[in-house]
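I opened this notebook to keep track of what I looked up, one topic at a time. The sequence and the structure come before my entries.

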Amino acid sequence: MSSTRRKKGHSTVTFKPYSQHQGLLFLPSFEELIPKDHIVRLVSRAIDGMQLDTLLNAYEGGGASNYHPKLLLKVLVYGYVDRQYSSRRLEKATRENVNFMWLTGLQSPDHNTINRFRKGQLKDTVKDVFAAVLLLLLEEGLVRLEDYHIDGTKIESAANRYSFVWAKSVTGYKSRLLSKINTLLDQIERENDREESEAGRVEKTNDQDLSARPPIEDSDRLAQTIADLNEQLKERLPKEKPLRRKMSELSEKHLNKLRAYEQQEEKLGGRNSYSKTDEDATFMRMKEDHMRNGQLKPGYNVQIGTENQFIINYTLHQSPNDMPVLKEHLEDTKQQLASIGYEMPKRASADAGYGSEENYDYLEAEGIENYVKYPGFYQEQRKKIKNDPFRTENLFYNEKEDYFVCPMGQRLTYRYSSKTKSKNNYQSNVRIYKAQRCTGCPLRAVCHKAKSNRVVQVNPNLKRHKKIAHQNLWSLRGIYLRRQRSIEPEPVFGQIKWNRGFKRFLLRGLPKVSCEFGLIAIAHNLKKMWAKLQLAKGLPNPPHLPPGFAQKIAKTAENDLKTLFCTLIPHRAPYNTKLQLKFIN
């Protein structure tokens, strides 16, 4: 074995000099220890160039001196860049990490100071810091605000996973309690009337008793009723123990319980649940299921809009569904961009979870091109759906005389219109069409399952929006945006959750977790910007092209994409022969 080994070219082993306690005549500076292209320098320059008047005005003044907000902001932002989210870890880093020591100028704020700054002054001003970073991206040309890709994810709260309060349970408990309260009040009033009649006073019938007092529905009405009864029965309560026990049960037990249920309903605010340890968190179904049983966990619905994988804006919501939060997200984006002097992007792209009449109306009112899918967008491309003659969208419609025709030739005529409301109280107009004679039809079993004649409900406004969205999504630009959207927000969530390990908030309460995700968004944009700048440094200068060569390449690419588009376009999809590629840069 030893004979097969390669012999060394030297006979002695040498080591580099090592002297741990040797002094240095000239101590190295932090500028020498940190590389010139390190990301910590970008974080420092970006924050130094910001106008942070709102953050400075958040301090009240007086008392002992404070750490400068730029110092604390640099520590937090670079900490989130370096995947250090805990205030105690950040405190340790300011004492041991060269990059943090350079940022702080050898100052060491403790974890309480860092956390108070994050939960206090920065909580209300983090959007301004995020806007300043976005303005830097716009000035560098990394973002153009043309396409806006929207998507959402759910991030777990720091609350206890089993501290839930369900809206259905609260409603049921409250209704049973009110029934018990009204029954008890009826018993007390009947006993009082019987005593008064025996004393020779005017007798009242049971119907008059029940009609004299309306049923109790809230705690204020119950408290007033208890006060009135105590005044009426003040002479009898010391003598009659059963009556005193019932009044005590009303005032000490039922009233407090009713107020507790009303407080829970106020905290719910229309939600299906909330957590006792984080009342702003709603129980949602998460993809990260540690028990693998599909249980709900407290969390927040995070919505972001991206371009070139940069976060343009973010919002946090308590609703687990994406459809009702799109309008609120876009309104916040509009205000955010207006604060730095920019308008909304030209086009909005989102998946089918956002396709509703309310959202389409909002995009149309704001002048934003609609590339938002609607529910059933992909299903309608299947042959089974397209070739089904009994589906409402496949029925023949006579627009002039306003009626549908079923496969058997029977007309479905207009009967009446009705108004419906969504969960956001958005009102829609629905037209009802009904057939005249479905009895005895041989195709009735495959046409509909109703016992009476077939009824078709049509929302004309939503139908119009779907037609526009269908044409946009199957245009050349729409195919490009659909492919682009799949590599826009989803990789950003992957970076945040898996590569950066941020799957659960550390703070509690909607304002605080909004601040926390704001720091995540700032750190993501700065790191993405740093990566782009590093990539640009390594690219060689483009070679000189002969005149007309670029136009020739563009024309060839246009013809190739037209051919590809014609092969990909499905049957019955809108087709435009005058396609141009000048908008795709």
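**Entry 1: the whole chain**

I began with burial, and I found that buried residues make up 41% of the 585 residues in the protein chain. I noted at the outset that this is a predicted model, so that I would keep it in mind while reading on. Next I looked up the secondary structure, and the protein chain has 21 helices and 13 strands. I also looked up the accessible surface, which comes to about 34700 Å² for the protein chain, with 50% of it belonging to carbon and sulfur atoms. Among contacts with a separation of 6 or more, 67% are between residues 24 or more positions apart.

**Entry 2: helix 12**

I then turned to helix 12, which covers residues 241–268 and has 28 residues. From its first C-alpha to its last, helix 12 reaches 39 Å, close to the 40 Å expected at 1.5 Å a residue. Where is the kink in helix 12 centred? I found a kink of about 35° in helix 12, and His254 is at its centre. His254 is also one of the buried residues of this helix, and the others include Leu243, Met247, Leu250, Leu258 and Tyr261. Lys246 is on that buried list as well. Just after helix 12 I came to Gly269, which takes a positive phi of about 60°.

**Entry 3: the nonpolar cores**

Which residues touch the most other members of the largest nonpolar core? That core has 53 residues, and I wrote down Leu73, Leu122, Phe505 and Phe517 as the ones that touch the most other members. I followed Leu73 further and, leaving aside its neighbours within four places in sequence, found it in contact with Ile47, Leu52, Leu55, Phe117, Leu122 and Val129. Another core lies apart from the largest one; it consists of 33 residues, among them Val143, Ile150, Ile312 and Ala350.

**Entry 4: two polar residues in strands**

Gln303 is found in strand 5, which covers residues 296–307. Is Gln303 buried or exposed? Its relative accessible area is 1%, and because the cut-off for buried is under 20%, Gln303 counts as buried. The side chain of Gln303 is joined to that of Tyr354 by a polar contact of 2.6 Å. Not counting residues up to four places away in sequence, Gln303 also touches others, including Ile150, Asp151, Asn313, His317, Asp322 and His329.

Ser428 lies in strand 12, residues 427–435, and at 10% relative accessibility it counts as buried too. I found a polar contact of 2.6 Å between the side chains of Ser428 and Glu357. With its neighbours within four places in sequence left aside, Ser428 is in contact with Glu357, Ser418, Lys419, Thr420 and Asn459.

**Entry 5: positive phi outside glycine**

I looked up this topic because most residues other than glycine have a negative phi. Leu145 has a positive phi, near 60°, and lies in the loop between helix 8 (126–139) and strand 1 (147–156). At 7% relative accessibility, Leu145 counts as buried. Asp402 has a positive phi of about 60° although it is not a glycine, and its place is in the loop between strand 9 (396–398) and strand 10 (403–405). Is Asp402 buried or exposed? Its relative accessibility is 19%, and because the cut-off for buried is under 20%, I entered Asp402 as buried.

Definitions and conventions
Residues numbered from 1 in each chain as written. Predicted model: local features only at pLDDT ≥ 70, side-chain atom pairs only at ≥ 80, totals over all residues. Heavy atoms only, no water. Helix = DSSP H or I, 4+ residues; strand = E, 2+ residues; numbered from the N terminus. Buried < 20%, exposed > 50% of the residue type's maximum accessible area, 1.4 Å probe, protein only. Contact = heavy atoms within 4.5 Å. Areas by Shrake-Rupley, 256 points an atom, 1.4 Å probe, with all protein chains shown as cover. Expected span 1.5 Å × (residues − 1). Bend = angle between axes of the 7 residues up to and from the residue. Core = buried A, V, L, I, M, F, W, Y, C linked by side-chain atoms within 4.5 Å. Polar contact = N/O pair within 3.5 Å; in protein donor to acceptor, adjacent residues only side chain to side chain.
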